[in-house]
Amino acid sequence: MQRNEMHDYVEELQGFGTHGIPRGRGAAVLRRFTSHGMRENAKLRSTKLLRPWSRRRAEKVAASKRPLLLHLGSGTHYLDGWVNLDIVGMGADVYWDLRDPLPFADNSADGIFCEHTLEHFVLVGGIGLLSECHRVLKPGALCRFGVPDFGKYILSYAGDRTELESLRPGRPTPLLAVAEVVLAHGHRSAWDGETLSAVMENAGFVDVGVKPWGDTAFASNPDSISRRAESVYAEGIKPRR
Ligand SMILES: C[S@@+](CC[C@H](N)C(=O)[O-])C[C@H]1O[C@@H](n2cnc3c(N)ncnc32)[C@H](O)[C@@H]1O
């Protein structure tokens, strides 16, 4: 290992890297001098301030969109035809902190998709979000969640580590690569297909199944190609009563 490799790695982990959504020179300078945590807190605070405006916006889109398909935590994967929700600064249709109750009426949505966002919440927050999805979906409507598959990482760590090295190459040690999945990028919980489907069933969804990337009952596959290698998905239906 190079002498500075661990130092560079830790600095990158702390979010002082200059990469992110390209938004011009000002944003790049801001990124250089602020941590990921500082920027996320500022975005979350702005999202809270805009709540009354966002609620009206959500009511407006809910009244006009047919079908009403919700994409939670859209980030850079903006989906046309969906209502994309994320915090301020992420180019979404509706700015919303997903730890709060969703700004949609009971039994109003025709489908929900959420990819690589659940792991940003503590487990109880994720359970709350799935319950909210169940509340706003129409009976018979489909819910699809995708997460980084922590199970895949630990199996590879305990095995020949080939997949681990291919998914997160060049880390100072294999353990640090595994740890990133739950401790870096603002992640706060660990998931695999079994846990995801258990939480969906706990929220009241039925016919819950673990799915690979791209295997979906949605008419058009919403999964992001960039998430293909490391993710596991689960889909369930809100019962018709
Ligand atoms: C890893 S990105 C995934 C983005 C996109 N779904 C994808 O797969 O490329 C996680 C997303 O969750 C969003 N997020 C994190 N905490 C959130 C919160 N409390 N409320 C709403 N969105 C949040 C982030 O802003 C970010 O866009």
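**Exercise 1. From one residue pair to two strands**

Task: Cys114 stands opposite Phe145 in S5; work out how strands S4 and S5 pair and how the chain gets from S4 to S5.

Solution:
- Start with the residue pair: Cys114 has Phe145 of S5 across from it. Keep in mind as you look that this model is predicted.
- Next, follow the path of the chain: it leaves S4, passes through helix H5 (residues 123-136) and arrives at S5, a β-α-β crossover that is right-handed.
- Now look at the pairing: S4 and strand S5 (residues 137-148) are parallel and share six bridges.
- A further residue pair fits in here, with Ile112 opposite Cys143 in S5.

**Exercise 2. The other side of S4**

Task: Find how strand S1 pairs with S4, and name residues that stand opposite one another.

Solution:
- Strand S1 covers residues 69-72, and its pairing with S4 is parallel, over four bridges.
- Leu69 faces Gly111 in S4.
- His71 has Phe113 of S4 as its bridge partner.
- Is S4 enclosed or open to the outside? Strand S4 (residues 109-115) has six of its seven residues buried, so the rest of the structure largely encloses it.

**Exercise 3. The whole sheet**

Task: Put the strands in their order across the sheet and pick out the edges.

Solution:
- Begin with an inventory: the chain has nine helices and seven strands.
- The seven strands make an open sheet with mixed pairing, and the order is S3-S2-S1-S4-S5-S7-S6.
- The edges are strand S3 (94-95) and strand S6 (206-211), each of which pairs on one side only.
- Move from S5 to S7 in this order: these two strands run antiparallel and are joined by seven bridges. Phe145 stands opposite Ala234 in S7.
- How many of the twelve residues of S5 are buried? The number is nine, and S5 is mostly covered.

**Exercise 4. A charged residue inside**

Task: Locate Glu235 and decide whether Glu235 is buried or exposed.

Solution:
- Glu235 belongs to strand S7 (residues 231-237).
- Count the surroundings: 23 C-beta neighbours lie inside 10 Å, so Glu235 counts as buried.
- Beyond the neighbours within four places in sequence, the contacts of Glu235 include Leu142, Cys143 and Arg144, along with Gly209, Lys211, Thr216 and Ala217.
- Compare sequence with space: Val210 is 25 residues from Glu235 along the chain, and their C-alpha atoms are 6.7 Å apart.

**Exercise 5. Unusual backbone spots**

Task: Look at the backbone at Pro67, His116 and Asp207, and say what stands out.

Solution:
- A rule of thumb helps: most residues other than glycine have a negative phi, and most peptide bonds are trans.
- Between Arg66 and Pro67 the peptide bond is cis, with omega about -5°. Pro67 sits in the loop that links helix H4 (51-64) to S1.
- His116 is not a glycine, yet its phi is positive, about 55°. His116 lies in the loop between S4 and H5.
- Asp207, also not a glycine, has a positive phi of about 55°. Asp207 is part of strand S6.
- Which of these two residues is buried and which is exposed? His116 counts as buried because 20 C-beta neighbours lie inside 10 Å. Asp207 counts as exposed because it has 11 such neighbours.

**Exercise 6. Around the ligand**

Task: Describe the residues that surround the ligand.

Solution:
- The ligand is surrounded by 17 residues, and the closest are Gly73, Gly75, His77, Leu98 and His116.
- Sort the shell by class: nine residues are polar, five are charged and three are nonpolar.
- You have met His116 before, as the loop residue with the positive phi.

**Exercise 7. Stepping back**

Task: Judge whether the radius of gyration of the chain agrees with that of a compact globule.

Solution:
- A compact globule of 241 residues would have a radius of gyration near 18 Å; the chain has 19 Å, and therefore the two agree.
- The C-alpha trace spans about 60 × 45 × 30 Å along its principal axes.
- Of the 241 residues, 31% count as buried.
- Among contacts with a separation of 6 or more, 68% are between residues 24 or more positions apart.

Key:
Residues are numbered from 1 along each chain as its sequence is written. This is a predicted model: local features need pLDDT of at least 70, side-chain atom pairs count only at pLDDT 80 or more; totals for chains, interfaces and linings use all residues. A residue is near a molecule or strand if its C-beta atom, placed from the backbone, lies within 6 Å of it. Ala, Val, Leu, Ile, Met, Phe, Trp, Tyr, Cys and Pro count as nonpolar, Asp, Glu, Lys and Arg as charged, and the others, Gly among them, as polar. The radius of gyration is taken over C-alpha atoms; the globule rule is 2.2 Å times the number of residues to the power 0.38. Two residues are in contact if their C-beta atoms, placed from the backbone, lie within 7 Å. Two strands pair if DSSP finds at least two bridges between them. A crossover is right-handed if, with the strands pointing away from the viewer, the path from the first strand over the helix to the second runs clockwise.
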